Amino acid sequence: MCIRDRYMGIIKNSFEMKVTLLIIAFLCLAGARQMRRQHKPWYTDYVDWCVNQKEWESYCYILNLGNPKLSKIDCQTLGLWNEKLDQYNITLTPQNICDQYLTNEHVQNVTLGIFSPKDAQCGCSIPVEPKVSQQTQRMIDNCKKTVARQPYCYYAAYGTNKGYSHTASGCLGLNQLQKGVEEQLNGDNLCKNLRNNRDVFSKVLGFEPNARLECGCTQPDFKLSATYQKFADNCLKNQKNSCYYVAYTYTQSNANCVSIKSFKNIASDLTSSNFCTRMNNDKSVYSKYLSYEPKLGVECGCNA
């Protein structure tokens with residue numbers, strides 16, 4: 001009506017009238033759209049913020065719409081809500097969160113605190129892969145430089161369970177990682193077991209690293225340290241008919257220079273030729289020199 005009353009009297013030509021009406025209709029439509037944009041629901045920005053979170057945990061919102069006087073919205077990680085709901089044996093997921101909110105008083109109390117809601121809107125963000133922090137990356141880089149006779153292994157693990165987030169990182173000798181674990185671990189199989197073996201990841205990490213796992217081990221280094229090399233050289237150079245040994249375990253090492261003449265007191269068949277082999281494998285021999293089993297081996301040599 002407003003269009004006809006205002007313009008019909010001044011438009012003479014039917015073609016001009018059609019063009020003018022089209023222009024006015026377009027302007028009215030654009031204006032209506034602009035007004036709708038300006039009057040978007042109060043919760044729109046908050047919903048957009050929640051579902052667009054770029055975190056490796058899932059963020060979810062619940063919006064109560066049933067009663068205008070009780071309109072309320074909240075956005076949390078699923079893990080935060082599920083932690084409070086654990087006592088009721090309830091687990092929220094992106095698929096069931098709205099149904100649970102509408103039908104379960106425990107969920108209503110923990111989330112929005114509004115009981116008997118008539119209608120609700122829910123949504124969740126899509127988790128992204130966790131990022132390794134700079135601090136953790138430095139730990140990994142330093143671990144890779146570790147020089148030792150046993151493998152040193154690093155791990156940076158990230159997992160979720162019922163929406164809970166879990167992280168763990170470390171750089172440990174293989175013997176420490178082996179504690180309490182039945183599976184025989186080594187530098188080649190550790191990472192595979194941390195991913196797939198429940199006994200291993202539950203005892204080493206305390207959770208399944210189902211979001212991300214960075215893992216690796218160093219190669220053992222059997223080269224004598226500068227101090228032990230000097231000791232060995234002095235033994236072979238300055239002590240005639242002698243042998244040196246450097247024996248290693250996970251927590252200690254020991255070095256000595258012994259006379260070959262004393263071998264008869266250790267074993268009747270011990271010689272300079274089999275001394276190293278016996279020190280590594282024969283308890284009746286190495287126990288006479290050491291108070292521990294040399295689990296990481298014995299380096300030795302003789303000058304006769």
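This short talk goes through the salt bridges, the largest nonpolar core and the largest pocket of one structure, which is a predicted model.

Let me begin with the charged side chains. Searching the whole structure turns up eight salt bridges, and I will go through three of them. In one, the side chains of Lys162 and Asp86 come together with an N to O distance of 3.5 Å. These partners belong to distant parts of the chain, 76 residues apart, with Lys162 in the loop between strand E4 (152-161) and strand E5 (164-173), and Asp86 in the loop between helix H4 (78-85) and helix H5 (97-103). Is Lys162 buried or exposed? With a relative accessibility of 37%, Lys162 falls in the partly exposed class, and Asp86, at 33%, is also counted as partly exposed.

The other two bridges are best discussed together. Arg212 and Glu129 meet through their side chains at 3.9 Å, N to O, and this pair, too, links distant parts of the chain, since Arg212 sits in strand E6 (residues 212-217) while Glu129 lies in the loop between strand E3 (120-124) and helix H7 (134-144), 83 residues apart. Glu129 has a relative accessible area of 55% and is therefore classed as exposed, the cut-off being over 50%. Arg212 also forms a salt bridge with Glu214, where the closest N and O atoms are 3.2 Å apart, and Glu214 is partly exposed at 30%. Through these shared partners, Glu129, Arg212 and Glu214 are joined into one network.

Turning now to the nonpolar side, the largest nonpolar core holds 18 residues, and those with the most contacts inside it are Tyr245, Phe263, Phe275, Met279, Tyr289 and Leu290. Which elements give two or more residues to this core? They are strand E7 (242-248), helix H12 (275-281), helix H13 (283-289) and strand E9 (298-302). If we look at Phe263 on its own, and leave aside residues up to four places away in sequence, its contacts are Cys243, Val258, Leu270, Thr271, Ser272, Phe275 and Tyr289.

Finally, the largest pocket encloses about 210 Å³ of space. It is lined by 16 residues, of which Pro151, Leu174, Leu185, Asn186 and Gly187 are the closest to its centre. Helix H8 (residues 174-178) supplies the largest share of that lining, namely three residues. As for its chemical character, the lining consists of seven nonpolar residues, eight polar ones and one charged.

Terms used
Residues are numbered from 1 along each chain as its sequence is written. This is a predicted model: local features need pLDDT of at least 70, side-chain atom pairs count only at pLDDT 80 or more; totals for chains, interfaces and linings use all residues. Side-chain values use heavy atoms; hydrogens and water are left out. On a 1 Å grid over the protein atoms alone, a cavity is a set of points where a 1.4 Å probe fits but cannot get out, and a pocket is an open set with protein on both sides within 12 Å along at least five of seven lines; lining residues have an atom within 4 Å of a point. Grid points are joined across faces, edges and corners, and a volume is the space filled by probe spheres set on the points. Helices (H or I, at least four residues) and strands (E, at least two) are DSSP runs, numbered from the N terminus. Ala, Val, Leu, Ile, Met, Phe, Trp, Tyr, Cys and Pro count as nonpolar, Asp, Glu, Lys and Arg as charged, and the others, Gly among them, as polar. A salt bridge is a side-chain nitrogen of Lys or Arg within 4 Å of a carboxyl oxygen of Asp or Glu. Buried means under 20% relative accessible area, exposed over 50%, partly exposed in between (1.4 Å probe, protein chains only). A nonpolar core is a set of buried Ala, Val, Leu, Ile, Met, Phe, Trp, Tyr and Cys residues joined through side-chain atoms within 4.5 Å. Contact means heavy atoms within 4.5 Å.
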